[in-house]
Amino acid sequence: MSTSLTPGQKSLLETALQAQRSRLEGELKLQLGGTDRVTHAREQLLQDTDGETAHEADREVDLARSDATLQALRDIDAALQRLQDPDFGQCADCGAAIAFDRLRLSPQVTRCIDCQSAAEARGGGAHHATL
(Lines give C-alpha, C1' and ligand atoms only; values in the text may rest on other atoms or scores of the structure.)
Protein backbone atom coordinates (compact mmCIF):
# COMPACT_ATOMS: atom_id res chain seq x y z
CA MET A 1 0.00 0.00 0.00
CA SER A 2 1.39 3.41 -0.88
CA THR A 3 1.23 6.35 1.41
CA SER A 4 -1.23 9.11 0.72
CA LEU A 5 1.17 11.82 1.84
CA THR A 6 2.22 14.34 -0.75
CA PRO A 7 5.78 15.66 -0.97
CA GLY A 8 4.49 18.94 0.46
CA GLN A 9 2.96 17.15 3.46
CA LYS A 10 6.20 15.26 4.06
CA SER A 11 8.09 18.55 3.88
CA LEU A 12 5.76 20.08 6.49
CA LEU A 13 6.29 17.08 8.76
CA GLU A 14 10.06 17.26 8.34
CA THR A 15 9.99 20.96 9.23
CA ALA A 16 7.88 20.21 12.32
CA LEU A 17 10.22 17.42 13.40
CA GLN A 18 13.29 19.62 12.92
CA ALA A 19 11.64 22.39 14.97
CA GLN A 20 10.80 19.91 17.74
CA ARG A 21 14.36 18.63 17.64
CA SER A 22 15.80 22.13 17.97
CA ARG A 23 13.47 22.93 20.86
CA LEU A 24 14.37 19.70 22.69
CA GLU A 25 18.09 20.24 22.11
CA GLY A 26 17.71 23.68 23.69
CA GLU A 27 15.83 22.20 26.65
CA LEU A 28 18.50 19.55 27.11
CA LYS A 29 21.25 22.16 26.99
CA LEU A 30 19.46 24.13 29.72
CA GLN A 31 18.86 21.00 31.78
CA LEU A 32 22.52 20.06 31.60
CA GLY A 33 23.80 23.57 32.14
CA GLY A 34 25.68 23.53 28.85
CA THR A 35 27.74 20.46 29.78
CA ASP A 36 27.51 16.87 28.67
CA ARG A 37 25.39 14.42 30.66
CA VAL A 38 28.30 12.78 32.49
CA THR A 39 29.77 16.10 33.61
CA HIS A 40 26.36 17.31 34.70
CA ALA A 41 25.75 14.15 36.75
CA ARG A 42 29.16 14.50 38.39
CA GLU A 43 28.42 18.13 39.28
CA GLN A 44 25.09 17.08 40.77
CA LEU A 45 26.84 14.47 42.91
CA LEU A 46 29.44 16.96 44.10
CA GLN A 47 26.68 19.32 45.22
CA ASP A 48 25.24 16.51 47.33
CA THR A 49 28.06 16.55 49.89
CA ASP A 50 25.78 16.67 52.92
CA GLY A 51 23.94 13.51 51.86
CA GLU A 52 20.48 14.98 52.24
CA THR A 53 17.67 12.93 50.77
CA ALA A 54 16.25 16.05 49.13
CA HIS A 55 19.38 16.43 47.01
CA GLU A 56 19.15 12.79 45.96
CA ALA A 57 15.52 13.20 44.95
CA ASP A 58 16.33 16.39 43.01
CA ARG A 59 19.16 14.60 41.23
CA GLU A 60 16.86 11.70 40.29
CA VAL A 61 14.23 14.09 38.93
CA ASP A 62 16.92 15.96 36.99
CA LEU A 63 18.24 12.74 35.45
CA ALA A 64 14.71 11.53 34.65
CA ARG A 65 14.00 14.81 32.84
CA SER A 66 17.13 14.53 30.76
CA ASP A 67 16.36 10.85 30.05
CA ALA A 68 12.89 11.81 28.81
CA THR A 69 14.31 14.57 26.63
CA LEU A 70 16.95 12.25 25.18
CA GLN A 71 14.26 9.64 24.41
CA ALA A 72 12.13 12.27 22.70
CA LEU A 73 15.16 13.26 20.59
CA ARG A 74 15.72 9.59 19.65
CA ASP A 75 12.04 9.31 18.67
CA ILE A 76 12.32 12.39 16.48
CA ASP A 77 15.52 11.11 14.85
CA ALA A 78 13.79 7.79 14.13
CA ALA A 79 10.82 9.65 12.61
CA LEU A 80 13.18 11.72 10.44
CA GLN A 81 14.74 8.46 9.23
CA ARG A 82 11.32 6.89 8.55
CA LEU A 83 10.23 10.02 6.71
CA GLN A 84 12.63 9.01 3.92
CA ASP A 85 10.83 5.67 3.48
CA PRO A 86 8.14 5.50 0.83
CA ASP A 87 5.74 3.93 3.33
CA PHE A 88 6.05 6.72 5.91
CA GLY A 89 2.62 7.59 7.21
CA GLN A 90 1.37 4.03 7.19
CA CYS A 91 0.39 2.27 10.39
CA ALA A 92 3.08 -0.14 11.56
CA ASP A 93 0.38 -2.59 12.69
CA CYS A 94 -2.34 -2.61 10.01
CA GLY A 95 -0.69 -0.79 7.09
CA ALA A 96 -3.50 1.76 6.73
CA ALA A 97 -2.66 5.40 6.13
CA ILE A 98 -2.29 7.42 9.34
CA ALA A 99 -4.42 10.55 9.12
CA PHE A 100 -2.34 13.58 8.16
CA ASP A 101 -3.90 15.60 11.00
CA ARG A 102 -2.59 12.97 13.43
CA LEU A 103 0.87 13.07 11.86
CA ARG A 104 0.85 16.87 11.88
CA LEU A 105 0.22 16.87 15.65
CA SER A 106 2.79 14.18 16.33
CA PRO A 107 4.91 13.26 13.31
CA GLN A 108 6.74 10.52 15.20
CA VAL A 109 3.66 8.30 15.61
CA THR A 110 3.82 4.86 14.04
CA ARG A 111 0.22 3.69 14.46
CA CYS A 112 -3.21 4.81 13.35
CA ILE A 113 -5.63 5.75 16.12
CA ASP A 114 -7.44 2.39 16.05
CA CYS A 115 -4.24 0.36 16.35
CA GLN A 116 -2.84 2.70 19.02
CA SER A 117 -6.04 2.32 21.04
CA ALA A 118 -5.84 -1.47 20.69
CA ALA A 119 -2.16 -1.45 21.74
CA GLU A 120 -2.97 0.66 24.80
CA ALA A 121 -5.82 -1.70 25.71
CA ARG A 122 -3.32 -4.58 25.55
CA GLY A 123 -0.89 -2.58 27.66
CA GLY A 124 1.64 -2.22 24.86
CA GLY A 125 1.16 1.38 23.84
CA ALA A 126 2.77 3.32 26.64
CA HIS A 127 5.82 4.44 24.64
CA HIS A 128 5.12 7.94 23.34
CA ALA A 129 6.69 7.33 19.94
CA THR A 130 3.80 5.07 19.05
CA LEU A 131 1.01 7.43 20.08
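Is Leu5 buried or exposed? Leu5 is buried, because its relative accessible area is 10%, which is under the 20% cut-off. This is a predicted model, and the report works outward from that residue.

## Overall fold

The protein chain has five helices and zero strands. Read from the N terminus, its elements run α-α-α-α-α. Of its 131 residues, 36% count as buried.

Contacts reach far along the sequence. Take those in the protein chain with a separation of 6 or more: 56% of them come from residues 24 or more positions apart.

## Leu5 and the start of the chain

Leu5 sits in the segment before α1. Setting aside residues up to four places away in sequence, Leu5 touches Lys10, Leu13, Phe88, Gly89, Phe100 and Leu103. Leu5 and Ala97 are 92 residues apart in sequence, yet their C-alpha atoms are 8.6 Å apart in space.

Lys10, one of the residues that Leu5 touches, belongs to helix α1. Lys10 counts as buried because its relative accessibility is 19%, and the cut-off is under 20%. Between the C-alpha atoms of Lys10 and Gly89 the separation is 9.0 Å. Along the chain these two residues are 79 residues apart.

## The nonpolar cores

Leu5 is also a member of the largest nonpolar core. That core has 11 residues. The others are Leu13, Leu83, Phe88, Cys91, Ile98, Phe100, Leu103, Val109, Cys112 and Cys115. Apart from it lies another core, of nine residues. Leu24, Leu28, Ala72 and Ile76 are among them.

Cys112 shows how the largest core is joined to its surroundings. Cys112 lies in the loop between α4 (100–105) and α5 (113–122). Despite the loop position, Cys112 counts as buried, because its relative accessibility is 11%. Beyond its neighbours within four places in sequence, Cys112 is in contact with Cys91, Cys94, Ile98 and Arg102. Cys112 and Ala96 are 16 residues apart along the chain, and 7.3 Å separates their C-alpha atoms.

## The largest pocket

How much space lies in the largest pocket? About 150 Å³. Its lining has six nonpolar, three polar and three charged residues. Arg82, Asp85 and Asp87 are among the lining residues, and these count as charged. Gly89, Gln90 and Thr110 also line the pocket.

Some names recur from the sections above. Phe88, Cys91, Ile98, Leu103 and Val109 line the largest pocket, and they also belong to the largest nonpolar core. Ala92 is another lining residue. Phe88, Gly89 and Leu103 line the pocket, and Leu5 touches these residues.

## Salt bridges

How many salt bridges are there? The count comes to five. Arg21 and Glu25 form one of them, with the closest N and O atoms 2.0 Å apart. Arg21 and Glu25 are separated by about one helical turn, because they are four residues apart in helix α1 (residues 7–31). Arg21 counts as buried because its relative accessibility is 19%. Glu25 has a relative accessibility of 39%, so Glu25 counts as partly exposed.

Arg21 also meets Asp77 in a salt bridge, at 2.5 Å from N to O. This pair links distant parts of the chain: Arg21 is in helix α1, Asp77 is in helix α3 (residues 53–83), and their positions lie 56 residues apart in sequence. Asp77 counts as partly exposed because its relative accessibility is 31%.

Glu27 and Arg23 meet in a further salt bridge, at 2.6 Å from N to O. Both lie in helix α1, four residues apart, about one turn of the helix. Glu27 is partly exposed, because its relative accessibility is 29%. Arg23 is partly exposed too, because its relative accessibility is 46%. Salt bridges with shared partners join Arg21, Glu25 and Asp77 into one network.

Methods:
Residues numbered from 1 in each chain as written. Predicted model: local features only at pLDDT ≥ 70, side-chain atom pairs only at ≥ 80, totals over all residues. Heavy atoms only, no water. 1 Å grid on protein atoms, 1.4 Å probe; cavity = no way out; pocket = protein on both sides within 12 Å on 5 of 7 lines; lining within 4 Å. Points joined across faces, edges and corners; volume = space filled by probe spheres on them. Core = buried A, V, L, I, M, F, W, Y, C linked by side-chain atoms within 4.5 Å. Buried < 20%, exposed > 50% of the residue type's maximum accessible area, 1.4 Å probe, protein only. Contact = heavy atoms within 4.5 Å. Helix = DSSP H or I, 4+ residues; strand = E, 2+ residues; numbered from the N terminus. Salt bridge = Lys/Arg side-chain N within 4 Å of Asp/Glu carboxyl O.
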